[in-house]
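User: I would like to go through this model step by step, with each answer argued from the coordinates.

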Amino acid sequence: MIKVLIAEDKHMIRGALVALLTLEEDMEVVAELDRGDLVLEAALRTRPDVAVLDIDMPGLDGLSAAGQLSEQLPGCRTLVLTGLSQPGNLLRALKVHVRGFIVKDAPAETLAEGVRRVAAGERVIDPELVAAALETGTSPLTGREADVLRAAENGIPTDEIATQLCLSPATVRNYLSNAISKVGGRNRIDAIRIARHAGWL
């Protein structure tokens, strides 16, 4: 039996995923969660073979949770569910050793087959995502520029961003200006939207 952990914050989608995989004779759902920050503890307790993680969850996003699993429970392979709208996340996923990357609107049988292949040690990546990621390219932002944009996303003023990130307000303004220019935004809000859509944040 392939033991599966499912983390998805939308209750109806999570219920459908659990029902879908429970129908498979060779799979057992050992944990279902609605928050990313609960994944590691549940995985250490239930020892799944495969963790199926939504990319956007409260508490901790799916890729950060995948990174924790890779470090602390390397025997658990990860399959991430995502939308086509954020191709830049594919490169981030590969860096944290995600084995599967499937779009949410793929046919239902794709998930069960993906879980089997990931459990067997294969890599399963939706070809449309690969094409979109290649078209979008890698993030032009430095780590610090991305940090500043993420902080700015909450609408806090430059001085607060500076305090939060232990930078001077002038440095924060420079990072924001560079980030806006690099992603081709008109202002910080537009830059955040572009970077989010590409999966660079």
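User: Is Arg116 buried, partly exposed or exposed, and what is its relative accessible area?

Analyst: This is a predicted model, and every value given here is computed from it. Buried would require under 20% relative accessible area and exposed would require over 50%. Arg116 falls in between, so it counts as partly exposed, with a relative accessible area of 25%.

User: Which acidic residue meets the side chain of Arg116 in a salt bridge at 2.4 Å, and where do the two partners lie?

Analyst: Arg116 belongs to helix H5 (residues 108-119), whereas its partner sits in the loop between helix H1 (11-22) and strand E2 (27-33), so that the pair links distant parts of the chain, 92 residues apart. That partner is partly exposed, with a relative accessible area of 23%. The residue whose side chain meets Arg116 at 2.4 Å, N to O, is Glu24.

User: Which parts of the chain does the salt bridge between Asp26 and Arg116 tie together, and how far apart in sequence are they?

Analyst: The closest N and O atoms of Asp26 and Arg116 are 2.7 Å apart, and Asp26 is partly exposed, with a relative accessible area of 27%. Because Asp26 lies in the loop between H1 and E2 while Arg116 lies in helix H5, the pair ties together parts of the chain whose separation in sequence is 90 residues.

User: Which residues are linked with Arg116 in a network of salt bridges?

Analyst: The whole structure holds 16 salt bridges. Among them are the pairing of Arg116 with Glu24 and that with Asp26. The network that includes Arg116 links it with Glu24, Asp26 and Glu113.

User: What separates Arg150 and Asp147 along helix H7?

Analyst: The side chains of Arg150 and Asp147 meet in a salt bridge at 3.0 Å, N to O. Arg150 is partly exposed at 33% relative accessible area, and Asp147 is likewise partly exposed, at 27%. An α-helix has 3.6 residues a turn, so residues three or four places apart point the same way. Since Arg150 and Asp147 are three residues apart in helix H7 (residues 143-153), what separates them is about one helical turn.

User: Which residues of H7 are buried, and which helices are included in what covers them?

Analyst: The buried residues of H7 are Glu145, Ala146, Val148, Leu149, Ala151 and Ala152. Their cover includes helix H8 (158-165), helix H9 (169-183) and helix H10 (188-198).

User: In what order do the strands of the open sheet run, and which of them stand at the edges?

Analyst: The six strands of the open sheet pair in parallel, in the order E2-E1-E3-E4-E5-E6. The two edge strands each have a single partner strand, so one side of each is left without a neighbour in the sheet; these are E2 and strand E6 (124-125).

User: How many bridges join E1 to E2, how many join E1 to E3, and what is the hand of the crossover through H1?

Analyst: E1 runs parallel to E2, to which six bridges join it, with Lys3 standing opposite Glu28. E1 is also parallel to E3, joined through four bridges, and here Val4 stands opposite Val50. The chain crosses from E1 through H1 to E2, and this β-α-β crossover is right-handed.

User: Over how many bridges do E4 and E5 pair, and which strands does H5 touch in packing on the sheet?

Analyst: Strand E4 (residues 77-82) and strand E5 (residues 100-103) pair in the parallel sense over four bridges, and Leu81 stands opposite Ile102 in E5. H5 packs on the sheet with its direction at about 155° to that of E4. The strands that H5 touches are E1, E2, strand E3 (50-54), E4, E5 and E6.

User: Which strand gives the most residues to the largest nonpolar core?

Analyst: The largest nonpolar core has 43 residues, and the members that touch the most others are Leu5, Val52, Leu53, Leu79, Phe101 and Val115. The strand that gives the most to this core contributes five residues, and it is strand E1 (residues 2-7).

User: How many residues of E1 are buried?

Analyst: E1 is mostly covered. Of its six residues, the number that are buried is five.

Definitions and conventions: Residues are numbered from 1 along each chain as its sequence is written. This is a predicted model: local features need pLDDT of at least 70, side-chain atom pairs count only at pLDDT 80 or more; totals for chains, interfaces and linings use all residues. Side-chain values use heavy atoms; hydrogens and water are left out. A nonpolar core is a set of buried Ala, Val, Leu, Ile, Met, Phe, Trp, Tyr and Cys residues joined through side-chain atoms within 4.5 Å. Buried means under 20% relative accessible area, exposed over 50%, partly exposed in between (1.4 Å probe, protein chains only). A salt bridge is a side-chain nitrogen of Lys or Arg within 4 Å of a carboxyl oxygen of Asp or Glu. Two strands pair if DSSP finds at least two bridges between them. Contact means heavy atoms within 4.5 Å. Axes are lines fitted to C-alpha atoms, for helices over the stretch in contact, and angles run from 0 to 180 degrees between N-to-C directions. A crossover is right-handed if, with the strands pointing away from the viewer, the path from the first strand over the helix to the second runs clockwise.
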